[in-house]
Structure formats: structure tokens, C-alpha cells
Amino acid sequence: MSDTTLPVSARPSHFRAATDETPTARRVMIGLAVGGLLLLVFAPLIAVFAEALARGWGAAIASLGNRDSLAAIRLTLTIAAISVPLNAAFGIAAAWFITKFDFRGKAFLITLIDLPFSVSPVVAGLCIVLMFGANSAIGGWLVANGYPIVFALPGIVLATMFVTFPFVARELIPVMIEQGRAEEEAALTLGASGWRTFWTVTVPNIKWALLYGVLLCNARAMGEFGAVAVVSGKIRGQTATMPITIEMLYNEYLSVAAFSLAAVLTLLALLTLLFKTLLERHVAGQIAANHRH
Amino acid sequence: MHIDIDEIAKTFGTTAALHPVSLAIPSGALVALLGPSGSGKTTLLRILGGLEYPSSGRVLFNGQDATGMTVQERRAGFVFQSYALFRHMTVFENIAYGLKARPRGSRPPRAEIARRVNKLLSLIQLPDIGARYPSQLSGGQRQRVALARALAIEPRMLLLDEPFGALDAKVRKELRQGLRDIHDETGLTTVFVTHDQDEAMELADLVVVMSMGRIEQIGRPQDIRATPATPFVREFITH
């Protein structure tokens, strides 16, 4: 691409390519983008860590050591560990079904998968309370038999899964549409079973998109607040996840504890982002390799 | 193996892709299904391979009803239009795929698989490309690898969907001869789909001219040239 472009200095200065902006326009746009990023993303991020460390490392680490904060971290990691693999499995199944088969109502199914993106998480939480709360038929029976859903781990997992459902499927669908069915059909004509075809042809072809979807899903699962706030009951040390514990600590003016926990949550998110970036670099390399002929 | 197509019809929803068609393919023949797009030729090929089931009618292999046979049971070597090579596997792994997919009892040992793959690579005259990935091959090389992969399963017949469609004119000519040679060497009953009448006439023993889901004429190339059965055939082959 760049081999056809002349070095800037070699271009006659009074000619400007149709897609080039004036220097003023360029400066204003770059200024807005950089300024916006600094103000809206970078500064708050720094503020979180600054607040957490306002009374030094010792105080920050000590505040994380209390029982409730540790329980919140454990709970959030447990929820992510349960809901992300399940959503990965559901996402693969949904994407596979949608892209490899033709059937009536496909458009409706795709819309349904997108629903969690458009429904407010609070509404989603309320739906789960209505469905599985102690006052509902199903919920009443489950509570009577010792399996409460709402105000317990299963409810929080359900809420998290609802909110994060689209991530994996949405990543996979375009990739699988682009790849078509021919490779799977080829495997079948060569005598492979459907199961073998899935593991040796379908999965290797979608693995990067799958990992990408899983990372996005994970980031959202750990950070979800609204839906979880409704179904969890916010029982300290039991059903309060990291985001919910942060809010409670903050409301009690325990700012070092609140911001220390927030910093841990932020670090988890940054870690996910780092994985995502490394992955993108790797995939870009792969794509470049695939087009090299 | 001889193939009989007995009153095969196929509808997708409300549109008929194939009106009942019948065709007898003698054992060891090289047959071209020739027609414009939408003539139903690819649908017929996919029905033979078991990738599509007919709405009515029967397919017979050596006189045995094979209509309900699964795609795996048919053991048809299928070459896809865009080759459908497994992009994440090397050429060697692509060709070995069918042998490795066999149930444990009939799966050849590793050394035997390697021997057969290397034999096929020399058959397609590309002995040194086993370690490459499909993306590193030219169009003509990919087509030959797809052919080798289909031959690796010791197929009972060879089915090719527009095998030369994506290639430039020069490579096309070379590979035509290549397919003829491989057909003559293996003696496999071979059916290929094409919209190019030169290709069909030059390569095939038997040409089946199709249009709008119907068979217009079945015959040897010289007979079809000499006496086109319908105005459509006359128009199509002189084009």
C-alpha cells in the first residue's frame, strides 16, 4: 500500500489529495479525540488508583484484606468462571445453528440474541425475580426444596449470563457466515462424522473469534452491576459481588476500601484488555500470513 | 461403479431446482453436466454425493438403492468449486484427513498414511508441497490438492463442481488434461459440472446438457454437436 505513496516532502505542497484535511481541521479533530480520551477515560482511571492509594499502599492492601472484600472478589471470580464457559457453549451452539442451517424464523432468533444488548439490565434482573422469586410458582417450589435462585448464587449467575449472552454469538456469526459451509461439507464427504467435523474443522476455524468473544464476555461478566443488584439482595459477604460491594463501601464513606476494590476490578479489566490486544496482534499476523501469496 | 438416476426431483421451498430427471452413467465414464447457472446441474451433483437429499426419485449405485445412504457411506470423492481446503491444515494434513477420519479398525497406520499421501502428491505432480498451507498455493495447485484429497479416501466415484471455474485460461487447459489422465489411470466413474461447453465437449465421454432443472440432451460430444436435440442445446453449444 505505502509503496505507491510518495514521501510527504516529495509532494508538491500546493496539491492536496481529496481525502486529506486542512492542517487546521486535522489539529482540531486530533485535539478533540485526545482531549476526550484524557478527560473521559484516562483521568478517571488515574483517579481510581490515586484514591485507592491516598493513604498509602499499606492502607489500601489492609482494606482489601477484610472478609467482605475478599468474599466479593471470590464471588465475582466464581460468577465469571461459571457464566463465561456456559455462554461460550451457548454462543457457539447459537452461531453454529444460525450460520450452518437454513430455517424459518432465523431473523427472529438473531434479534432475540441481541435482546440483552437493548434491554436495561435492571429490567432483566426484575424479570428473573418475577420468574424465580419466592412469590412465583417455580421460585416458591425451588425455595421450599432448598434451592433458592433469587438472593443467591444461581440468580446472580442467571442475571450475568442474560446480560453477557450476545458477546460470543455476535463475534462468531459474521466469521462463520464468511467461512461458509464448504469446509464442513468437504470433511463429511471425506467420511468424518458430524462431531469430528465440528472439532477438527469448525472449532479451529473460529478459535480466535471465540477467544475474543470470551474475553469481552468475561470483562462484562465481572463488571455487571444493574441486573445483579436487583437479584442479589446485596447480602454483604454472601451475594455482594465486587461492583456491588464497591458501591456499598462508597456509600458508607469508606473511600480507601471502595477505591482499593475498584482498583482491583479495574486491574482485572485491564488484564482482559491486555489479552485482547495481544490476541488482536496475533490474529493480524495470521491474517497477513494468509494473504501472502 | 455404474450410477442410475431414476426420476430424481428436488424442490427448495416452492421453487423446483430439478424436475424429475433420469440418467444412466456407465461404470468408468467421464461425464459432464453442462448448463447455465440455475440449470440444476450442481444440485444433481450434490444429490449424487449425498450433500442434498432428493424430494423424490431414487439413486442407484451398481443397481443397489443408495438414495438414503449418508454422505459418509457413499464414499464419493468430492471436489468443491472453491476447493474448500482446510485452511488451518498443511497440504499433507488435508490429504490425510479422510484416512485419519476412518474408524479405528480400518484406519491405516501412520506410516501407511504418509506413504499414500506422498504417492498422491506425486500423482498430482506436486511432490514437495506437503508442508505448505493452502493460502501459500496458487489456484491451480489448490485444485490439484483438492483432487488428491478426494482421491485419498479411495472413492467409489469422483464428483467435481466447476473444477476449473476459478482458474485462468492457461492453467485451465493444463488441468483439463490432468483430470483426464487421472481419470484414465484410476478408472473411476467421474461426474463434473461445468458451464463451459468447450470444456465439456473436449473432456467428457458423455455430455448431459441441462436447462432450468431439466435434461435437454444426453449424448457423446460429437453426437450433440452433430444433432442438437432442442433449440436450447443448439443455441448453448454454438455460443
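**Figure 1. Surroundings of A148(B) in a predicted model.** Leaving aside neighbours within four places in sequence, A148(B) is in contact with five named residues: I95(B), L120(B), L121(B), L123(B) and I124(B). A148(B) is also listed among the residues with the most contacts inside the largest nonpolar core, which has 71 residues. The others in that list are A32(B), L33(B), L48(B), L159(B), V207(B) and V208(B). Helix α5(B) gives the most to this core, with seven residues. Another core, of 59 residues, lies apart from it; L75(A), A94(A), M161(A) and A227(A) are among its members.

**Figure 2. The six-stranded sheet of chain B.** The strands of this open sheet follow the order β6-β7-β8-β3-β9-β10, and their pairing is mixed. Strands β6 (76–79) and β10 (214–219) of chain B have a single partner strand each and stand at the edges, so one side of each is left without a neighbour in the sheet. From one strand to the next, the twist averages 15°. Strands of a sheet pair through backbone hydrogen bonds, in either a parallel or an antiparallel sense. Strand β9 of chain B, residues 206–211, pairs with β10(B) in the antiparallel sense, over five bridges. Within β10(B), Q217(B) is the residue that stands opposite V209(B).

**Figure 3. Helix α5 against the sheet of chain B.** Helix α5 of chain B comprises residues 139–152 and lies across β6 and β7 (157–161) of the same chain. The helix runs at about 165° to β6(B).

**Figure 4. Helix α1 of chain B and the residue that follows.** Nine of the nine residues of helix α1 (residues 41–49) of chain B are buried, so the helix is largely enclosed by the rest of the structure. These buried residues are K41(B), T42(B), T43(B), L44(B), L45(B), R46(B), I47(B), L48(B) and G49(B). After α1(B) comes G50(B), which has a positive phi, near 85°.

**Figure 5. Contact between chain A and chain B.** On the side of chain A, 16 residues are in contact with 19 residues of chain B. Two elements of chain A, α9 (182–189) and α10 (194–223), give two or more residues to the side that touches chain B. Helix α9(A) gives the most to that side, with seven residues. By class, the side of chain A that touches chain B has eight nonpolar, five polar and three charged residues.

**Figure 6. Annotated segments of chain A.** An unreviewed UniProt entry annotates residues 73–280 of chain A as "domain: ABC transmembrane type-1". Over these residues, 73–280, the chain is 81% helix and 0% strand, with end C-alpha atoms 28 Å apart. The unreviewed UniProt entry also carries the annotation "transmembrane region" for several segments of chain A, including 149–169 and 253–275. Residues 149–169 of chain A are 76% helix and 0% strand, and their end C-alpha atoms are 26 Å apart. For residues 253–275 of chain A, the values are 91% helix and 0% strand, with the end C-alpha atoms 34 Å apart.

**Figure 7. The position of F108(A).** F108(A) belongs to helix α4 of chain A, which comprises residues 106–118. Because F108(A) has 9 C-beta neighbours inside 10 Å, this residue counts as exposed. F108(A) and L261(A) are 153 residues apart along the chain, and their C-alpha atoms are separated by 41 Å.

Conventions
Residues numbered from 1 in each chain as written. Chains lettered and ligands numbered in written order. Predicted model: local features only at pLDDT ≥ 70, side-chain atom pairs only at ≥ 80, totals over all residues. Pairing = 2+ DSSP bridges. Helix = DSSP H or I, 4+ residues; strand = E, 2+ residues; numbered from the N terminus. Axes fitted to C-alpha atoms, helices over the stretch in contact; angles between N-to-C directions. Contact = placed C-beta atoms within 7 Å. Core = buried A, V, L, I, M, F, W, Y, C linked by C-beta atoms within 7 Å. Buried ≥ 20, exposed ≤ 12 C-beta atoms within 10 Å, placed from the backbone. UniProt positions renumbered as here; feature names shortened; annotations may be inferred. Nonpolar A, V, L, I, M, F, W, Y, C, P; charged D, E, K, R; others polar.
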